[in-house]
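Visitor: I would like to go through this model step by step, with the reasoning behind each answer. Where should we begin?

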There are 2 protein chains.
Amino acid sequence: MTEYDVVVIGAGPVGENVADYAHQGGLSVALVESELVGGECSYWACIPSKALLRPVHAVAAAGRVDGAKQAVTGPPDADAALARRDYFVSNYDDAGQSKWVDGAGITLVRGHARLAGERRVLVQTGGDGGSGDDVELTARLAVVVCSGSAASLPPIDGLAEARPWTSREVTSMKQVPRRLVVIGGGVVACEMACAVAGLGAEQVTMLVRGDRLLDRLEPFAGEAVLAGLRDRGVDVRLGTNARRVSRDSAVTVQLDDGDTLTADELLVATGRRPRTDDLGVESVGLQPGKFLATDEGLAVRGVDGDWLFAAGDVTGAVLLTHQGKYQARLLGDRLAAQSRGEQPDLSRWGKHTPTADDAAVPQVIFTDPEVAMVGLTEAQAATRGLRTRMVSYDLGHVSGAALQADGYAGRAAMLVDTDREVLVGVTFAGQDVAELLHAATIAVVGEVPISRLWHAVPSFPTMSEIWLRLIEEWRKV
Amino acid sequence: MTEYDVVVIGAGPVGENVADYAHQGGLSVALVESELVGGECSYWACIPSKALLRPVHAVAAAGRVDGAKQAVTGPPDADAALARRDYFVSNYDDAGQSKWVDGAGITLVRGHARLAGERRVLVQTGGDGGSGDDVELTARLAVVVCSGSAASLPPIDGLAEARPWTSREVTSMKQVPRRLVVIGGGVVACEMACAVAGLGAEQVTMLVRGDRLLDRLEPFAGEAVLAGLRDRGVDVRLGTNARRVSRDSAVTVQLDDGDTLTADELLVATGRRPRTDDLGVESVGLQPGKFLATDEGLAVRGVDGDWLFAAGDVTGAVLLTHQGKYQARLLGDRLAAQSRGEQPDLSRWGKHTPTADDAAVPQVIFTDPEVAMVGLTEAQAATRGLRTRMVSYDLGHVSGAALQADGYAGRAAMLVDTDREVLVGVTFAGQDVAELLHAATIAVVGEVPISRLWHAVPSFPTMSEIWLRLIEEWRKV
């Protein structure tokens, strides 16, 4: 039995940050990982997807500028893009990351962790299905669950047997499939349809249950991505469901409208489930397979004694790497503060309260065009009973955007809380909008009044002059 | 004689904005222009320079991404880039802009304006050297001088006779010179050396009097641009002066170190002078050829009666289009407010006070790498007696930057007022940093405390995660 101040389950970016911040605060930390240190994000999600998408975007961007387009004479090189992906995922080897953990003074325990009652974690070493000895870890202060999420499969006849791809398989593909069917219309579906089509697939078909893409965002965002995908030749079928799937050498997908598709691979990107099914949560009275609901300080609800915490995807609150890392930083600091006898600061925007989870979650969808948004959509604000007004403006009418890409098409919108005259949500859709987002995040989080934002001058001629136009629109009424 | 509420001299972006905001506030406005409506920025500065630079940057960006670089088979097409420039400057025709002025309800008067005593402006119609009748304009409320600036020539033997290029000639070049010598190491010199070298010049030589480029910015910014220019083959000679210049078919430049250069064109970019030499300022007791110093509300100092205002380059305060437009918006609003009998709000960050001129001027230098900065440098803060601490971080260590360009090189620094724990300056240097800037501008202008910025989560994996790293650096001490 080995005792630590904190035991962290899961060494993805979230677990790594909890461990790092707690350790920097003076605590001893064990970090348990059953797969690769670095987690989903580093090997099978954010990093490989962006490594694959960037060549597609860079070629597209150059192709939209007269004077540059003459220099770009071919499509992206898929093999080189896949090799680039391999570089960014360190060839699926976590030696570098485990070295970082060691260097940071954190104890890495490789194996499958299961809760075994209060403050106790049993680790079956040797990884999943490994035959190593069991190790028992005890946490003096806290156990933090950062086990993340996995792709969920919808109940479609024959689907599991047809060996579909999920986010893991598509981001780690060895070659670009000639024909791909995508089930889903969310972020993973849109990004990977864009990547696979951009890297040379002949036929990409998206089956989207609803009537639009990215249906949690402002409608114009999904419309922009839809237009971009169709421009690339992706066959996006809205309001369409797969009814039955089978595979011999190829995959056959029968649709509910009677049509049948044949493809080399099938990507399912319809949602995520928490990785709590084999985590021993029943030993502390929780139900396996469910997200771990947490309170404002990330303590798991339904467990007494203030010792079990969770951060990241497994909480179900916000399924985004950066937001989990944010929770992790605040939680690591909080545990360190508690160990020094300090009360945690759980006030709104307090140093241990992940208030942004509620008010200002940023997200970028790396499609072509990109979408970047933070805070509330108009629909969400209405649900909360906020009085708001939305103003929007055509990004293509901003000089900086027109100079960035000939015929630039895009849009931006800001949602203003009319009682406080502060921004509560901002959405951008267009090429290269990803880096426009943080200005919006600071405006929302900082609750900077519009009267003060009027003094924040955008540099001419950058795309950021959209800020000037949006505030001018706001002032018009 | 014709009477207006406001007479604006100069129809560049600054004059256009004063006129527009004043007119939208209910005032009658005459706008006088002797050259092209749209001004320096639209035809001979920001717009053409960026139209020429963007193809260079887009090709370079694609060339730095494995999977994209294989698609890049040549250099930018200079003829296409020049044609792109012609498109963005509307072939040096201001029909579109003058139509906008008409549509906005502003009276456009074409001719050379000269002050003729209090509230009186005499316009020699027909443009500079024109033979049209003189028109006398009277301003009930205000005359606003937005006549801008022009390139100044340093006192170098033979320089004027050698027909050197200034910013006007280089941005409107009909072909890319095979050999170019640039005198200067500031923004125009660096940007145009980058453009001309990027568009295929064989030999670009920069003569820089001081020991670094961009010497008003943080030193690492100039160093990054220096490295970038040298990587492109630009021969940057620091601490070097031209002593004598002559031209037959080619230009010969004798240097003070004894060396002699031969080039097809010579670009002089060593500073700006105010366009007040033939403006009739002597009629109101001011000295021609000087910048028009203004008070906190943009009234020209030394002139009684609160009727003469100035905005933009001609004030000498900040020589940047966007900052002049900012002054223009606030001044236009202020004149409209005054005409309604309201007192102008000239408090710090008040709605009629261009406070950002003092605290938060943003600037982007569109070289490769780019530089983007806002607020104070460490040296400027020291001059003001502020207690500050600077933290910096290698942009190449940010995942979003590494994904943006293979082997990304760049740096960011933030300057913190340690008494208030707010940002007073931020500088970025690296590829594609232009759109990172507005976040910094909002943070500085909004005086958002670092403790709150800690909740502004950058989306992963974007370059904006530099914010996380900078704040982590700040917290380390």
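Guide: Let us begin with a definition: a residue is buried if 20 or more other C-beta atoms lie within 10 Å of its own, exposed if 12 or fewer, and partly exposed in between. Please note that the model is predicted.

Visitor: In which exposure class does Glu421(B) fall?
Guide: Glu421(B) is found in the loop between strand 19 (410–417) and strand 20 (422–430) of chain B. Its phi is positive, about 55°, although Glu421(B) is not a glycine. Because 14 other C-beta atoms lie within 10 Å, Glu421(B) is partly exposed.

Visitor: Is Val361(B) buried or exposed?
Guide: Val361(B) is found in the loop between helix 10 (356–359) and strand 16 (362–365) of chain B. Not counting residues up to four places away in sequence, Val361(B) touches Val318(B), Leu320(B), Gln323(B), Ala356(B) and Val374(B). Since Val361(B) has 22 C-beta neighbours inside 10 Å, its class is buried.

Visitor: Which residue in strand 17 of chain B stands opposite Pro362(B)?
Guide: Strand 16 of chain B and strand 17 (residues 370–375) of chain B run antiparallel and are joined by 4 bridges. The two strands form a hairpin with 4 residues between them. Opposite Pro362(B) in strand 17 of chain B stands Val374(B).

Visitor: Which residues of strand 16 of chain B point the other way from Pro362(B) and Val364(B)?
Guide: In a regular strand the side chains alternate between the two faces of the sheet. In strand 16 of chain B, Pro362(B) and Val364(B) point one way, and all four residues, these two and those pointing the other way, are buried. The residues that point the other way are Gln363(B) and Ile365(B).

Visitor: In the open sheet with the order 9-8-7-13 in chain B, which strands stand at the edges?
Guide: This open sheet has 4 strands with parallel pairing. An edge strand has a single partner strand, so one side of it is left without a neighbour in the sheet. The strands at the edges are strand 9 (235–238) and strand 13 (265–268) of chain B.

Visitor: What angle does the direction of helix 7 of chain B make with that of strand 8 of chain B?
Guide: Strand 7 (residues 179–183) of chain B pairs with strand 13 of chain B in the parallel sense over 4 bridges, and Ile183(B) stands opposite Val268(B). Helix 7 (residues 187–198) of chain B packs on the sheet and touches strand 7, strand 8 (203–208) and strand 13 of chain B. The angle between the directions of helix 7 and strand 8 of chain B is about 170°.

Visitor: Which element gives the largest share of the side of chain A that touches chain B?
Guide: The contact takes 67 residues from chain A and 67 residues from chain B. By class, the side of chain A has 40 nonpolar, 19 polar and 8 charged residues. The largest share, 10 residues, comes from helix 3 of chain A.

Visitor: As by what kind of axis are the two copies related?
Guide: A turn of 180° with a shift of 0.0 Å along the axis lays chain A on chain B with an RMSD of 0.0 Å. The two copies are therefore related as by a two-fold rotation axis.

Visitor: What is omega for the cis peptide bond between Asp368(A) and Pro369(A)?
Guide: Pro369(A) has its place in the loop between strand 16 and strand 17 (370–375) of chain A. The peptide bond that joins Asp368(A) and Pro369(A) is cis, with an omega of about 5°.

Notes: Residues are numbered from 1 along each chain as its sequence is written. Chains are lettered from A and ligands numbered from 1 in the order in which they are written. This is a predicted model: local features need pLDDT of at least 70, side-chain atom pairs count only at pLDDT 80 or more; totals for chains, interfaces and linings use all residues. Two residues are in contact if their C-beta atoms, placed from the backbone, lie within 7 Å. Two strands pair if DSSP finds at least two bridges between them. Axes are lines fitted to C-alpha atoms, for helices over the stretch in contact, and angles run from 0 to 180 degrees between N-to-C directions. Ala, Val, Leu, Ile, Met, Phe, Trp, Tyr, Cys and Pro count as nonpolar, Asp, Glu, Lys and Arg as charged, and the others, Gly among them, as polar. Copies are superposed by least squares on the C-alpha atoms of residues with pLDDT of at least 70 in both.
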